[in-house]
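Student: I should like to learn how to read the packing between two chains, and a strand pair, in a structural model. Could we work through the example below?

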Amino acid sequence: MMTLNDDQRMLADTVAPFMADEGAIAKQLRHWRDTGCKDGFGHGLWKQLAELGLTGILIPEAHGGAGLGQVEANVVLEEIGKNLTPSPFLTTAVAAVRALQDTAQAERWFPGIAAGVTVAALAIDEGKRHDPTGTALAATRQGNGFSLSGTKQFVVHGGSADVILVAARTAGSAGEKDGITLFAVPKDASGLTIDNQTLTDASKAARLTLDNVSLDADAVVGEVDGGWSPLSRALDAGRTGAASELTGVAAGAAEMTFDYLRQRKQFGKLIGEFQVLQHRAAHLYGEIEISRAAALKAAQLLDGGDDKATLMVAVAKAKAAKVARLSVQEGVQMHGGIGMTDEHDIGFYMKRQAVLDELFGGQRFHAAEVAALSGY
Amino acid sequence: MSDPDAFRADTRAWLETNCPPEMRTPMKGEKDVCWGGRNFEFQSEAQKKWLGAMAARGWTVPDWPSAYGGGGLSAAETKILKEEMAAIGARSPLTSFGISMLGPALLKYGTEEQKKHFLTQIARGEIRWCQGYSEPGAGSDLAGLQTKCEDKGDHWLVNGQKVWTSYADQCDWIFCLVRTSTESKHGGISFLLFDMASPGVSTKPILLTSGYSPFCETFFDDVKVPKDQVVGEVNKGWDVAKYLLGHEREMISGMGLGGSGDALGKAVGGVEDALLRAEIADFDVDSLAFAAMSERFIDQLKAGDAHPAFPSVMKYAGTELNKRRYELMMAAGGSNALEWESEASRGGKLAREWLRTKANSIEGGTSEIQLGIVAKHILRLPGA
C-alpha cells in the first residue's frame, strides 16, 4: 500500500509541528547564518532531534535506536525540507548510519549518533561532479593498516564531523566498483586537513586533503575492496532521503507562493485570480505530488529490499530535483521583486534546492542512471 | 479476505485452466480488444470463451457486488487477481465504457432496478455503451449543453445533437446529458439512458487527422425514452455527470503509464542520437515517477483518502506525458515513421497513434479545464 500506516502518520503529526516551530527559518537557518556559526546548524536542535528519537531513526533497537526504515526517515526529511531546517540528519542519521550498519564500526558510532552528540560525514566526491565509482583517492597497505592520500570535496558537515567516512581506492582503477574501500577517519587524524567552506545556502561542506593519513585495519567499514557495499547502501538512503527533502523544499516554497497568490493585489485584484498564474500553480501542485509519490515508492522498495529499488531511487532523486527547481523558480518569479530580497524567505528555498540537487548526484546524473539501469 | 495466499493459489489454478493460450499473448491492436455488445464480432473462439468464463465468475468486474454480476472481491483480492492475470500475460476479457464510466455512476446513483438490470448486462458484455456529453456548442463549457428533453407524461422526448461520441455507430445504448430545464444552467441537466436503436437516433462518423473515425456526430430527432431511464433525480444530472467524469479521467490518465511498464528508452530500441537519448531519459524519469503516483492514487482511492478533484491531476499529468511519449517515439522513428501506408510502417501505425494522442489532452476535459479544477478545488485560489 502506498499510503502511510497509522504509526507513520503519527510520526508525521509529531514532526511537522516540531519542525515548523523549533526548526523554523528565523530560529535556525537565518539565525545561524547571521551569527556566523561554523557548523551552519545548531547542536541544540540536533540534541532535541535525539530526544525525539529521530537521530537514531534507522539505528537498530539493539544499538539504542528506533529501528525504523527509509519511509519514516523520509517523513522527517520532508518536514526538514519544508522548513529548511539545518541539521546533520540526512548525512549522519540516514546516509552514514546506513553505511555503518552491520559493520564492526556500528557499535563505536551508533550510541553517539542516537544520543545526538556525534556527527558523521561522507567523503565521496573528488571533483566538481558526483562520481562515486570514479573514486581514486589512494589507500595503500602500510604495516597492519593503510595510508590514505588524496583530496575530497563537497563533504557536507565535514567541518563539524567527529568521524568522516572516506571512500578510497585499494585496488582496481577509477570507474570500477570493486576495489573501493570505505574508511572511518576520525576528525583529528594526523595528516588530515579540513577546509570548511560555506555553500550558497549557508550550509557547510569541507574540502579535505589527506596526506599519508595512517589508519589501523579496524578503520575499514565493511570489507577491504568491498566498500561499494556500504557506500551504495549510504547512497541509496542518502539519495532517497534527499528526494524527500527536495520534495519538502518544493512543497514549502509552493505553499509560500500559493499564499502570496491569495494575498497580493495588483490591477485591483488578487493576483491568484489571474488564470495564467492559476494554471502554473496547478501544474506545480501536480508535479510535487508526483515527486512525493516517487520518493515514497523508492523508500518502500528500499525497506522491502526489492531489486528494483536502485532504479526507483534514481527516478526519485532526478524527479525531486526537477520539481524542486520548478517550485523555487516559480516561487521567486511569482513573488516578483520581493522574492529577490534577502529579507524574504523564498530565496532561501532556491539556494537550498541548488545544493540538494547536487548532493549525491544531480538531476542529469540520475537520469543517466535511469537509462543505464533500464538497459539503454 | 479469508486467506490471501489461498485466494492467490485458487486464482492461479483457475486462470491456468480457463484462460486460453491465445488470450495470453499481447494484443496486436484495436481489433483484438473485446468491447462486447450486440453487434460485436468475436475475433476467435478463444476470445469468446475467455469472456464467457470470466463473466460467469463475475471477474470482468471483480470488485462489483455479485448481486449485479460482479465478483464481489475485496480491493486486496482484486489486486491479487490483476497480478495473477498480469503474470500469465492474460488479456483483459472485456473493455467497455460501461465498466469504466457508467458502472461506477450507476453504483452510486442508480435505483436498485437500474443496477440489477444495467450493471448485470455490462458485466456480461451484452450491451456496449457510448457517452453523450459534448455538443457542438458545449465543449469545455459542458454545462452549456442544449439537447432538449421534454416531459411528455408517459415518456421523455429528446431532440438535439451530440458530438465526439466515441464509437456511437457501433454502440447499443447511450448515457446522455440532456437539458430538462432552462431555468438553471447546471441545475437543468438530467442524466438519461436510452437505446441507440430507438427511432430518431442517427450517427455520422467524423474523420480524424489519423485517418480513423473513432468518434461520431450523434443526432436525436424526436427520440422517445421511457420515464424510468433517468439516473439520479431529474435536473440533478450534473452531479452524476461530474462523478462519472472523475472515473473517465482516471481511465484516461492510465495512458500515462504507456502499457508495457518498460522504460521508453528500452522500448524504442537503440537510440544512437545522444541528445534524443538524453530527452528520452528525462522522459523516463517523469514517466516512472508518474507510475508511482498512479499506484499511490489507486491505494488512496481504496483507503478513501483521495481528494475528489485528484482525477484532474492524474488526467492532466497522464495525458501530457503520453503526448510527450509519442513525440519521442516519432523522433526515434525518423523518416521510417512518416510512411503512411507502407508495410514497413504497418500502415503508418505509429504516426496515426501519435496523431490520436493529441486528443488525449482534449477529451474528458482539456488540460486547461483540469488545471482550472485543481486551482479551484484543491488550491482554492481566488476567483477560480
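Tutor: Certainly; please bear in mind that this is a predicted model. Let us begin with the chain contact.

Student: How many residues of chain A are in contact with chain B?

Tutor: On the chain A side there are 33, and they meet 35 residues of chain B. Helices H7, H8, H9 and H11 of chain A each supply at least two residues to this side. H8(A) gives the most, with 14 residues. By class, the chain A side comprises 19 nonpolar, 9 polar and 5 charged residues.

Student: How does one describe two packed helices?

Tutor: One states the angle between their axes and the distance between the axes. Here, the axes of H8 of chain A (residues 275–303) and H11 of chain B (residues 367–378) come within 8 Å and cross at roughly 80°. Angles of 65 to 115 degrees count as roughly perpendicular, so H8(A) is roughly perpendicular to H11(B).

Student: Which residues of H8(A) and H11(B) make the contact?

Tutor: H8(A) contributes A:Gln278, A:His279, A:Ala281, A:Ala282, A:His283, A:Tyr285 and A:Gly286, while H11(B) contributes B:Glu368, B:Leu371, B:Gly372, B:Val374, B:Ala375 and B:Ile378. They divide into 7 nonpolar, 5 polar and 1 charged.

Student: Turning to strands, in which sense do E6 and E7 of chain A pair?

Tutor: In general, side chains of a regular strand alternate between the two faces of the sheet. Here, E6 (residues 192–198) and E7 (residues 204–215) of chain A pair in the antiparallel sense over 7 bridges. A:Ile194, for instance, has A:Leu208 of E7(A) as its bridge partner. The hairpin has 5 residues between the strands, and A:Ala202 takes a positive phi near 75°.

Conventions:
Residues are numbered from 1 along each chain as its sequence is written. Chains are lettered from A and ligands numbered from 1 in the order in which they are written. This is a predicted model: local features need pLDDT of at least 70, side-chain atom pairs count only at pLDDT 80 or more; totals for chains, interfaces and linings use all residues. Axes are lines fitted to C-alpha atoms, for helices over the stretch in contact, and angles run from 0 to 180 degrees between N-to-C directions. Helices (H or I, at least four residues) and strands (E, at least two) are DSSP runs, numbered from the N terminus. Angles under 35 degrees count as roughly parallel, over 145 as roughly antiparallel, 65 to 115 as roughly perpendicular and the rest as oblique. Two residues are in contact if their C-beta atoms, placed from the backbone, lie within 7 Å. Ala, Val, Leu, Ile, Met, Phe, Trp, Tyr, Cys and Pro count as nonpolar, Asp, Glu, Lys and Arg as charged, and the others, Gly among them, as polar. Two strands pair if DSSP finds at least two bridges between them.
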